[in-house]
Amino acid sequence: MDLICKHSHHGNSLGNILRSWSLQHNNNEQNVLALNVLLLGDRQSGRSSVGNALIGGHEFQTGTGIASVSVTTEYQVLSRNFQRDFRRQGVESDLMLRVIDTPPLLSGPASVDALCPKGVHVLVLVVRADLLHENTHLEQCAESLFGPDWRHHALLVLTYADHLKKAGLQPSGYLTEATDWLRALASEVVGGVLFLDNSCDWPVISGRPLRDRVLRLSARNHHRALKVRTEVSLCL
């Protein structure tokens, strides 16, 4: 602004001032990376807690439902801008995360498409590490939403990892003893597997590694977004 005022004082035209402002404005926009992150998971899987870790707050509603009823009964969308979060092409850039928490029974791809008309950059599949009694069919749901390319944009988050410690299990060996469907799911997602401890302060301790994983996965895909397949119906 000092530069613009100085030029204006020496008689520069309004057009030059506006062009200078536009250049600065465009440069600022170029230094912000906006990513849509969609959370998918079964009832009480910890999706909302993962969302809180991503945005570094406690805005997503969490808690224990009654009789296995999910706390999240409708879509929740929250955004947060992390200033100077990473460097891109030698320039400090902001990371704008837009996190969409979904109810366990999706109402249809049209709802996701309406919330993310430009697509989804990262798909986070959330599964409880301590409750693996049955297949959650998350891979079928993801394929119904996005087609086979979903694997390249997905990572698996296993919540309640603190329960593994209590049972004397180490995360490194957990998947080797897990059920077949979970091992298969873990091998499909290109973003890998991340364990999160629900007994700690999620936003402070678990948020940074999770955001880093999201950013690396999106960069691997050149920040290309998945488009929702609105012509098909969901399996859930």
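This briefing covers one buried leucine, one aromatic pair and one charge placed over a ring. The model is predicted. Leu217 sits in helix α9 and counts as buried. Tyr174 and Phe195 form an edge-to-face pair. Arg128 lies over the face of Tyr160.

**Leu217 and its surroundings**

- Helix α9 spans residues 202–220 and holds Leu217.
- Leu217 has a relative accessibility of 4%. The limit for buried is under 20%, so Leu217 counts as buried.
- Leaving aside residues up to four places away in sequence, Leu217 touches Val122, His152, His153, Ala154, Leu155, Val190 and Gly191.
- His153, one of these contacts, is 64 residues from Leu217 in sequence. The C-alpha atoms of Leu217 and His153 are 6.7 Å apart in space.

**The aromatic pair**

- The count of aromatic pairs comes to one.
- The ring centres of Tyr174 and Phe195 are 5.8 Å apart, and the ring planes meet at 85 degrees. Planes over 60 degrees apart count as edge-to-face, so this pair is edge-to-face.
- The pair links distant parts of the chain, with its members 21 residues apart. Tyr174 belongs to helix α7 (residues 171–174), and Phe195 belongs to strand β6 (residues 193–195).
- Tyr174 has 8% relative accessibility and counts as buried.
- Phe195 is partly exposed, at a relative accessible area of 23%.

**Charge over a ring**

- Arg128 is placed over the face of Tyr160. The distance to the ring centre is 3.7 Å.

Methods: Residues numbered from 1 in each chain as written. Predicted model: local features only at pLDDT ≥ 70, side-chain atom pairs only at ≥ 80, totals over all residues. Heavy atoms only, no water. Helix = DSSP H or I, 4+ residues; strand = E, 2+ residues; numbered from the N terminus. Buried < 20%, exposed > 50% of the residue type's maximum accessible area, 1.4 Å probe, protein only. Contact = heavy atoms within 4.5 Å. Phe/Tyr/Trp six-rings, centres within 6.5 Å; stacked < 30°, edge-to-face > 60°. Lys NZ or Arg CZ within 6 Å of the ring centre and 35° of its normal.
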